[in-house]
Amino acid sequence: MSKSRPNVFRFNQAKLRSEDYIHLRDAIHSDGDVQNIGRLTILPSSYIGSPRHMHEYAQDAMTYVRNYGTPDLFITFTCNQKWTEIERELEPGQKPQDRHDIIARVFQQKLKVMMDVLTKYRVFGDTRCYMYSVEWQNVDYLMLIS
């Protein structure tokens, strides 16, 4: 990710209407030492990985639960660095951890196939809706389907 993207948010706080974040403003006024911690920059929910972004995802998940009920399945799908599709693309002397791009691409392809099997071929019956989350944790991925 580019280092300049956070600067866009820092230098355009007025355009982001950061003064409208009432709870943040109240916290700043109630704590006298806020000025000593550095420059305050508010990241919008469009900034991937920011607390506001993650909160938005949690709210989306709760909307699914409210409209469709609690999830029926929780499936963990873990990437295997020894998949032949990964090992075939490595140069001599390379290790899978040297080529995260290959690992991510192969995982995405296998995830798509698995989602097609679960939803289009109705392995567990009809799917009213689904939601999944992909997390990078030392090449482990989690997936949630409801």
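Which residues form a nonpolar patch on the surface of this protein chain? Hold on to that question while we take a walk through the structure, which is a predicted model.

Let us begin with the overall plan. The protein chain has 5 helices and 2 strands. If you follow the chain from the N terminus, you meet these elements in the order α-α-α-β-α-α-β. The protein chain is made of 146 residues, and 23% of them are buried. Its accessible surface comes to about 11000 Å², and carbon and sulfur atoms hold 52% of that area. Looking at contacts with a separation of 6 or more, 53% are between residues 24 or more positions apart.

Now step inside. The largest nonpolar core has 14 residues. Phe 77, Cys 79, Trp 83, Ile 86, Phe 107, Leu 111 and Met 114 are the members with the most contacts inside this core. Helix α5, which spans residues 100-119, gives the most to the core, contributing 8 residues. One of the core residues, Cys 79, has a relative accessible area of 7%, so Cys 79 counts as buried.

Where there are cysteines, you may wonder about disulfides. A disulfide is a covalent bond between the sulfur atoms of two cysteines. How many disulfides does the model have? The count comes to 0. Cys 129 is, like Cys 79, a buried cysteine: its relative accessible area is 11%, and that of Cys 79 is 7%.

Charged side chains are the next stop. The model has 5 salt bridges. One of them joins helix α4 (residues 84-89) to helix α5: Glu 85 sits in helix α4 and Lys 110 in helix α5, so this pair, 25 residues apart, links distant parts of the chain. The side chains of Glu 85 and Lys 110 meet at 3.4 Å, N to O. Both partners are partly exposed, because Glu 85 has a relative accessibility of 28% and Lys 110 has one of 25%.

Another salt bridge is formed by Asp 101 and Arg 99, whose closest N and O atoms are 2.8 Å apart. Here, too, the partners are partly exposed: the relative accessibility is 41% for Asp 101 and 22% for Arg 99.

Further along the chain, Arg 122 and Asp 126 meet through their side chains in a salt bridge of 2.9 Å, N to O. Both of these residues are exposed. There is also a network of salt bridges, and its linked members are Lys 112, Asp 116 and Lys 120.

That brings us back to the opening question. The nonpolar patch on the surface is formed by Val 113, Val 117, Tyr 121, Val 123 and Phe 124. Together, these residues have about 530 Å² of accessible area. Is Val 113, one of the patch residues, buried or exposed? Val 113 counts as exposed, because its relative accessibility is 52% and the exposed class begins over 50%.

Val 113 also ties the parts of this tour together, since it is found in helix α5. Helix α5 is the element that gives the most residues to the largest nonpolar core, and it also holds Lys 110, the partner of Glu 85 in a salt bridge. As you turn the structure, helix α5 is therefore a handy place to start: from there you can look for the core residue Leu 111, the salt-bridge residue Lys 110 and the patch residue Val 113.

Terms used. Residues are numbered from 1 along each chain as its sequence is written. This is a predicted model: local features need pLDDT of at least 70, side-chain atom pairs count only at pLDDT 80 or more; totals for chains, interfaces and linings use all residues. Side-chain values use heavy atoms; hydrogens and water are left out. Helices (H or I, at least four residues) and strands (E, at least two) are DSSP runs, numbered from the N terminus. Buried means under 20% relative accessible area, exposed over 50%, partly exposed in between (1.4 Å probe, protein chains only). Contact means heavy atoms within 4.5 Å. Accessible areas come from the Shrake-Rupley method with a 1.4 Å probe; for residues, only the protein chains shown count as cover. A disulfide is a pair of cysteine sulfur atoms within 2.5 Å. A nonpolar core is a set of buried Ala, Val, Leu, Ile, Met, Phe, Trp, Tyr and Cys residues joined through side-chain atoms within 4.5 Å. A salt bridge is a side-chain nitrogen of Lys or Arg within 4 Å of a carboxyl oxygen of Asp or Glu. Patches are made of residues with over 30% relative accessible area and no salt bridge: like charges are joined within 9 Å, nonpolar side chains (Val, Leu, Ile, Met, Phe, Trp, Tyr) within 5 Å.
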